[in-house]
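Please look over the sequence and the model below; the report that follows takes up selected helices and then the contact between two chains.

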Amino acid sequence: MLAVETEIQDMLNGSLANKRKAQEALFRHFYGFAMNIALRYSRDEMDAADIVSHAFVKIFKSIHSFDSTKGSLHAWIKRIVVNEGLDHIKSRTRFSENVELETVPEPQINNSVIEQMGAEEIMEIVKKLPPATHAVFVLYAVEGYNHREIAEKINISEGTSKWHLSEARKFLQEQIGTLYN
Amino acid sequence: MDERLRYEQLIGGKLQSLPVPDMQDAIWARIKTQLDLDIPTDDGDDGNTPPSPTAPRIIGWGLSILIIALVTTYFLTKNKPSAKNNSVQPTIIEQTVSPNTQNNSPPLQKQNTIDKTTAPVSTGANNSFNDIGNDSLAQYNPVTNVELTDDSVRTNFPSPSVTLSSLQLPDTSSIIKKKGRGMTGLSDSSYRIVPKKN
């Protein structure tokens with residue numbers, strides 16, 4: 001076992017015993033990872049801080065339910081932070097839409113333009129999406145979920161998930177085209 | 001349809017390298033506060049510096065001083081009115097009752113004149129103190145002087161402004177004993193001078 005893995009296991013054991021120092025160490029170890037996820041679902045840093053703090057309270061309160069045989073600690077923490085991010089978006093928008101799509105048209109976006117853009121610049125454009133469309137786009141394009149998984153996760157139909165993705169693509173095409181034409 | 005486009009893969013990769021703000025301490029403080037409420041730790045290892053051991057002592061001393069101050073204030077307040085009464089009442093008695101301290105009062109002057117003579121103790125008809133004038137009042141001065149020094153009489157005086165003629169005599173009527181009229185069993189005939197028979 002690597003030293004890092006041993007260290008994480010000690011943090012995990014201490015957190016299971018409700019030791020504050022072990023919980024703090026675990027939080028600090030995964031802070032960058034969790035904060036990065038939270039930033040994708042938030043409008044600003046304060047929103048992201050809310051998501052992270054709520055997620056870690058849930059993590060420490062339900063840490064007994066973590067089963068290392070079913071997946072890694074990273075994957076478990078990521079799932080909790082993503083769910084917290086979605087809850088955060090749900091609190092300020094409605095995901096259910098009456099529009100559904102069977103197919104999503106592919107946009108005409110120059111990949112070289114995306115490659116030249118910085119992460120913060122891209123995030124600024126993504127944040128301009130409506131909250132529900134924002135969430136579906138991040139789940140699909142960044143987290144790698146498919147439409148069925150997204151539909152289950154945020155309790156919408158697959159067609160509605162496709163519609164949100166289509167709206168996101170059109171918006172990004174317009175925004176990026178405006179920036180670099 | 002579920003296939004990610006090239007530009008989406010690029011965006012996904014870029015967003016995973018977003019710069020993270022340094023908010024660890026503030027966020028941990030919030031998490032810890034919430035954990036202390038929801039799942040308080042019982043090992044005393046809360047990650048904070050322990051509280052100063054002098055803090056409880058300071059609180060204890062402060063409370064002791066406060067309690068002593070309150071008790072002292074209570075007793076001072078409680079004893080104040082009774083001390084006032086003790087200082088006032090003797091003054092009342094001296095002003096209203098004692099003839100020796102009232103050099104200008106008419107009864108005292110009258111008393112001196114009466115003492116020189118051997119007048120009878122009572123005129124006989126006036127037994128009610130309400131009807132007694134200054135002259136007859138003077139005759140009772142020695143009696144009232146003795147009786148009014150009693151505490152029970154002193155407490156019956158309503159105020160220091162009461163005058164001698166209206167106050168003490170009705171109030172002291174219950175305690176002043178009427179002096180007997182001479183020896184019992186003697187009549188006027190007992191003192192009749194009878195010429196000696198040869």
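In this predicted model, G144(A) lies just after helix 7 of chain A and takes a positive phi of about 90 degrees. A positive phi, in this case near 60 degrees, is also found at N18(A), which follows helix 1 of chain A.

The lengths of these two helices can be checked against a rise of 1.5 Å a residue, and for helix 1, residues 3-16, the expected and computed spans agree, as they also do for helix 7, residues 131-142.

| Helix of chain A | Residues | Expected span | Distance between end C-alpha atoms |
|---|---|---|---|
| Helix 1 | 14 residues (3-16) | 20 Å | 20 Å |
| Helix 7 | 12 residues (131-142) | 16 Å | 15 Å |

Helix 7 of chain A is mostly covered, with 11 of its 12 residues buried. Among the buried residues of this helix are the aromatic side chains of F137(A) and Y140(A), together with H134(A), T133(A) and V138(A). An α-helix has 3.6 residues a turn, so residues three or four places apart point the same way.

Turning to the contact between the chains, chain A contributes 38 residues and chain B contributes 35 residues. On the side of chain B that touches chain A, helix 1 (6-15) and helix 2 (24-38) of chain B each supply at least two residues, and the largest share, 10 residues, comes from helix 2 of chain B. By residue class, this side of chain B divides into 17 nonpolar, 11 charged and seven polar residues.

Terms used
Residues are numbered from 1 along each chain as its sequence is written. Chains are lettered from A and ligands numbered from 1 in the order in which they are written. This is a predicted model: local features need pLDDT of at least 70, side-chain atom pairs count only at pLDDT 80 or more; totals for chains, interfaces and linings use all residues. Helices (H or I, at least four residues) and strands (E, at least two) are DSSP runs, numbered from the N terminus. The expected span of a helix is 1.5 Å times one less than its number of residues. Two residues are in contact if their C-beta atoms, placed from the backbone, lie within 7 Å. Ala, Val, Leu, Ile, Met, Phe, Trp, Tyr, Cys and Pro count as nonpolar, Asp, Glu, Lys and Arg as charged, and the others, Gly among them, as polar. A residue is buried if 20 or more other C-beta atoms lie within 10 Å of its own, exposed if 12 or fewer, and partly exposed in between; C-beta atoms are placed from the backbone.
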